[in-house]
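Please open the model in your viewer and keep the selection panel at hand. The tour goes from the whole chain to a few chosen sites.

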Amino acid sequence: MKNYLTQEPNDNAEFMYTASIHDHTISMDQLTGSHNYETVSVPATCGQNAYTEERCKDCGAIKAGSRVEEEGTAYEHHFVKFDETYYRTAEDSAVKHPKIGESLQNPNITWEKGTSYVCVRCLKATEEAPEVYDTHTYSPEKVEWTETDTPNDKKSYSGYTASISKLVCNEGCAERVGKLDAYMEDNALEVALDKEVKANAELTYEGTCADGATAVYTAVIETEKNGQFTVTKKIKLDPGVHQYDAAFEWVPIKNEAGVITGMESATAVLTCKVCGEVSKQTCELKSENIIGGQHKAGGIKYTASVTYNGHTYKDVNNESLVQYSVANAEVKTDGVEFVYNGKNQVPKINAVVLETEDSKNPQTLEEGTDYTIEAPEMSKNAGSYKLTIKGTGDKFIGEYTVEYKIAAKDISTANVALKSNSVTYTGSDVAPVVESVTLDNETLGQADYTVNATSVNVGEYKMTVEGQGNYTGKVELAYSIVAKDIEDATIDADTKLTYTGNTNTPVIKSVKVGENTLVENTDYVITEVPNSVSIGEYKMVIEGKGNYTGKVEFVYSIVAKDLQNATVDADTKLTYTGKTNTPVIKSVKVGEDTLVEGTDYVITEVPNSVNIGEYKMVIEGKGNYTGKVEFVYAIDGLETPVLSSVSNASTGVTVKWKAVEGANQYRVFYKTSGGKWKKAGDTTSTSYTVKKLTSGTKYTFTVRCLNGNGSYISSFDSKGKSITYIAAPTLSSVSNASTGVTIKWKAVKGANQYRVFYKTSGGKWKRAGDTKSTSYTVKKLTSGTNYTFTVRCLNGNGSYISSFDNKGKSIKYLAMPSVTTAKAKKGVTVKWSKIKGASGYYVYRKTARGSWKQIKKITSGSTVKYTDTTTKKGTTYYYTVRAYSGSTKSAYKTAGASAKAR
């Protein structure tokens with residue numbers, strides 16, 4: 001077959017010719033005159049770009065050179081296979097034409113069959129198969145758009161997912177099915193996908209916010225066999241509306257160590273996705289206490305929110321929450337026991353394991369990131385040491401201490417070299433000089449061992465070299481002691497004696513030979529003692545005895561007496577009493593003479609000794625004595641009590657301190673800023689609650705030790721510990737309300753807000769809510785249940801700053817009955833809802849201008865109806881009902897329900 005667009009030798013050619021006749025009549029004047037051109041646009045077709053040209057509106061003539069093509073717009077042919085049955089015309093075949101009305105099934109007519117390939121765009125036909133045929137260019141039959149996410153806390157626009165399940169040929173094949181030109185029977189016109197295919201759309205914008213932008217969602221859908229398909233969805237937005245993304249800027253609160261303890265403020269930075277406009281909005285902050293687990297510190301969760309242009313933006317900050325203390329970690333080492341080797345030794349840390357959020361999977365911490373190790377600069381000597389593991393960063397805090405020991409090295413196998421195996425008798429323990437002690441080829445220093453000898457007299461003995469410091473154990477050695485000559489002795493005695501008017505000889509304090517002090521009558525005797533009374537120089541002779549021999553002379557003189565040599569007998573240590581305390585002088589002696597106060601001496605300087613410390617008094621000679629002597633004494637007392645805490649209690653402030661050994665009792669003091677200390681009370685305990693304080697006032701507290709008589713026996717911390725006292729709220733009333741139970745209390749000075757708690761009998765306290773008012777209604781309670789309520793003060797950050805009344809106030813909650821009315825044969829019938837826990841009901845009535853009056857008491861909790869027959873016909877009455885149980889009453893509807901009596 002040949003191209004359908006050329007002359008064909010069959011009926012189609014005839015048909016195409018007839019279809020091309022232009023039904024238009026042109027006058028001869030138009031053919032000879034000027035042309036009336038207009039611009040005509042011709043669409044692209046296969047192998048031909050789209051173009052414009054100027055044609056005459058009257059005759060159709062084309063103006064030369066006027067054609068302008070749009071490059072790259074021409075189509076490729078879209079061929080499909082076409083199996084055709086046909087007959088030829090009389091010019092081409094001996095087969096005659098069928099007559100009109102003659103059946104095409106006439107056996108006298110011969111039909112031919114052939115195959116061609118027809119472009120469904122331009123109907124070009126070819127008998128030769130194109131390189132590619134029977135292929136279709138597909139596009140999705142239908143695109144389903146699903147909103148995947150609605151505007152969230154960080155943005156004000158939605159997201160979409162596009163999905164397709166069926167593809168169709170987009171080249172016009174479907175319109176050709178059943179037509180004589182390019183007859184189609186190909187089921188591949190449609191492709192049903194094995195499963196629905198989805199893709200998330202990317203969002204872009206067209207236009208401006210001022211005029212109303214267009215949101216363009218573009219999704220690229222990837223199929224397994226048919227490639228990719230790009231689909232779009234456009235949504236016209238309202239003029240003047242921005243599409244914001246939110247980013248949040250937080251301002252933290254940090255402590256002195258730089259750790260974040262809370263959030264001061266937050267700002268939402270709103271940036272329009274369309275025009276880039278930026279708007280900064282200050283957020284409202286809300287905090288929520290997070291209770292820490294076994295191994296974490298806990299903290300506060302902050303939520304920042306702001307509503308702008310009808311959309312609310314939120315962000316959550318937990319930066320001040322999660323911190324874990326390495327003090328709770330499990331630390332694994334190679335060992336903590338070492339033996340001294342002269343080198344620095346520390347334990348090797350193999351792992352630091354800590355339970356964090358997931359207790360089933362403890363976290364192994366990383367050195368340098370999660371913790372640091374601080375070891376002693378020097379830990380080579382024997383002794384106990386501590387290695388500290390410190391948490392680092394914002395997540396890990398606290399310290400873990402690894403204690404380890406270095407044991408002393410045994411010297412029992414050491415080689416000891418002596419300078420000599422014998423020594424001269426000294427009268428005391430003596431041993432030969434140790435020249436060296438060698439152990440494992442190392443020579444020990446003198447600080448590494450001691451030499452112990454228990455031998456004194458001449459003879460054979462054993463000495464012990466015993467390790468010390470970094471060494472332990474001992475080595476025994478034999479040695480001998482030989483006699484000592486007394487001629488080298490030195491005598492310790494007064495060389496000048498004070499005149500007394502009587503014989504006066506010096507007291508021999510000691511006689512030494514070398515380092516040995518001799519014992520009188522055992523090691524020596526005084527053989528010559530002069531009668532020394534008058535001033536002058538004298539000489540006494542000392543002669544050796546026993547283990548000593550030879551003689552030595554001692555020269556002395558007698559001089560005038562001076563009081564400065566006096567000795568004072570008095571208590572050198574006194575006990576602190578809080579009052580002036582001076583020692584009682586028992587005696588003042590000069591030599592053997594006891595002086596008489598007022599005759600031989602007077603006390604000229606007495607200090608005002610009250611506090612603990614060292615003092616000095618002066619004694620001055622009188623009469624036969626001259627000069628001065630100073631007597632030093634001290635006042636001792638117990639340790640000053642150390643306050644461990646001060647905290648607000650339900651009735652005041654509780655002060656706690658560490659026990660002081662020796663104290664019988666304690667006295668607690670307090671003062672306000674700039675005020676004087678006031679006594680609060682005495683106690684034998686180590687805690688005391690100071691009462692009758694003013695809420696909102698800052699107080700300072702301190703403690704002092706007393707003895708059994710109530711006298712002060714210690715000093716006190718003058719700085720003390722301070723706290724602002726915030727009283728526990730006093731509940732004034734609890735009462736049933738229309739929606740729950742209303743609690744009221746007295747305002748507490750210094751409180752920023754209050755937290756209300758409630759519990760059932762035997763239950764635990766539950767948080768009801770926070771308020772800055774002095775009343776609060778707790779809702780969602782169960783009617784008929786007894787509840788107890790209490791209140792606690794908070795600061796501006798929501799932290800507790802007071803104690804609370806742990807007894808609270810209790811009430812049985814009775815829900816408020818709902819009331820309806822109905823006309824009765826006589827009077828008005830009142831109905832109400834049954835209230836759980838009620839033992840009965842009070843029925844009240846009033847007229848429009850009257851006040852409520854009780855008209856009936858129902859003594860059954862299950863009775864929910866009452867007919868009032870005491871009415872006047874035609875009068876409108878109002879009714880309300882109140883449940884009761886004992887003396888407790890429910891709330892009631894103040895408006896009531898009305899009805900006109902019959």
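pLDDT is the predictor's confidence in each residue, on a scale from 0 to 100, and the model shown here is a predicted one. Colour the chain by that score and select residues 89-97, where pLDDT stays under 50 and for which the model has 13 contacts beyond four places in sequence. Then select residues 1-25, another stretch over which pLDDT stays under 50, with 27 contacts beyond four places in sequence in the model. Where pLDDT is low, the predicted coordinates should not be read in detail. For the chain as a whole, the average pLDDT is 84, and 88% of the residues score at least 70.

**The whole chain**

Switch to a cartoon of the full chain, whose secondary structure comes to three helices and 73 strands. Of its 902 residues, 37% are buried, and the accessible surface amounts to about 52200 Å², with 44% of that area belonging to carbon and sulfur atoms. If you display contacts between residues at least 6 apart in sequence, 55% of them join residues at least 24 apart.

**A strand residue: Thr333**

Next, select Thr333, which is found in strand S21, covering residues 330-333. Is Thr333 buried, exposed or partly exposed? Its relative accessibility is 27%, and it therefore counts as partly exposed, since that class lies between the cut-offs of 20% and 50%. Add Lys348 to the selection: although the two residues are 15 apart along the chain, the C-alpha atoms of Thr333 and Lys348 are separated by 5.5 Å. Once neighbours within four places in sequence are left aside, the contacts of Thr333 are with Pro347, Lys348, Ile349, Asn350 and Val402.

**The largest pocket**

Move now to the largest pocket, which holds about 500 Å³ of space. It is lined by 19 residues, of which Asp494, Leu497, Asn504, Gly591 and Glu592 are the closest to its centre. Which strand gives the most to the lining of this pocket? Select residues 496-498, that is, strand S39, which gives the most, with three residues. Colouring the lining by residue class shows four nonpolar, nine polar and six charged residues.

**The cavity and Asp440**

The structure holds one cavity of 30 Å³ or more, and the volume of the largest cavity is about 30 Å³. To find it, select Lys409, Leu439, Asp440, Glu442, Leu444 and Tyr471, the residues that line it; this lining divides into three nonpolar and three charged residues, with no polar ones.

Keep Asp440 selected, because this lining residue is also exposed, with a relative accessible area of 53%. Asp440 is found in the loop between strand S32 (434-439) and strand S33 (442-443). Most residues other than glycine have a negative phi. Asp440, which is not a glycine, nevertheless has a positive phi of about 50 degrees.

**A second positive phi: Lys780**

For the last stop, select Lys780, which is found in the loop between strand S63 (775-779) and strand S64 (786-794). What is the phi of Lys780, which is not a glycine? Here the angle is positive, at about 55 degrees. Lys780 has a relative accessible area of 84% and is therefore exposed, as the cut-off for that class is over 50%.

Conventions: Residues numbered from 1 in each chain as written. Predicted model: local features only at pLDDT ≥ 70, side-chain atom pairs only at ≥ 80, totals over all residues. Heavy atoms only, no water. 1 Å grid on protein atoms, 1.4 Å probe; cavity = no way out; pocket = protein on both sides within 12 Å on 5 of 7 lines; lining within 4 Å. Points joined across faces, edges and corners; volume = space filled by probe spheres on them. Helix = DSSP H or I, 4+ residues; strand = E, 2+ residues; numbered from the N terminus. Nonpolar A, V, L, I, M, F, W, Y, C, P; charged D, E, K, R; others polar. Buried < 20%, exposed > 50% of the residue type's maximum accessible area, 1.4 Å probe, protein only. Contact = heavy atoms within 4.5 Å. Areas by Shrake-Rupley, 256 points an atom, 1.4 Å probe, with all protein chains shown as cover.
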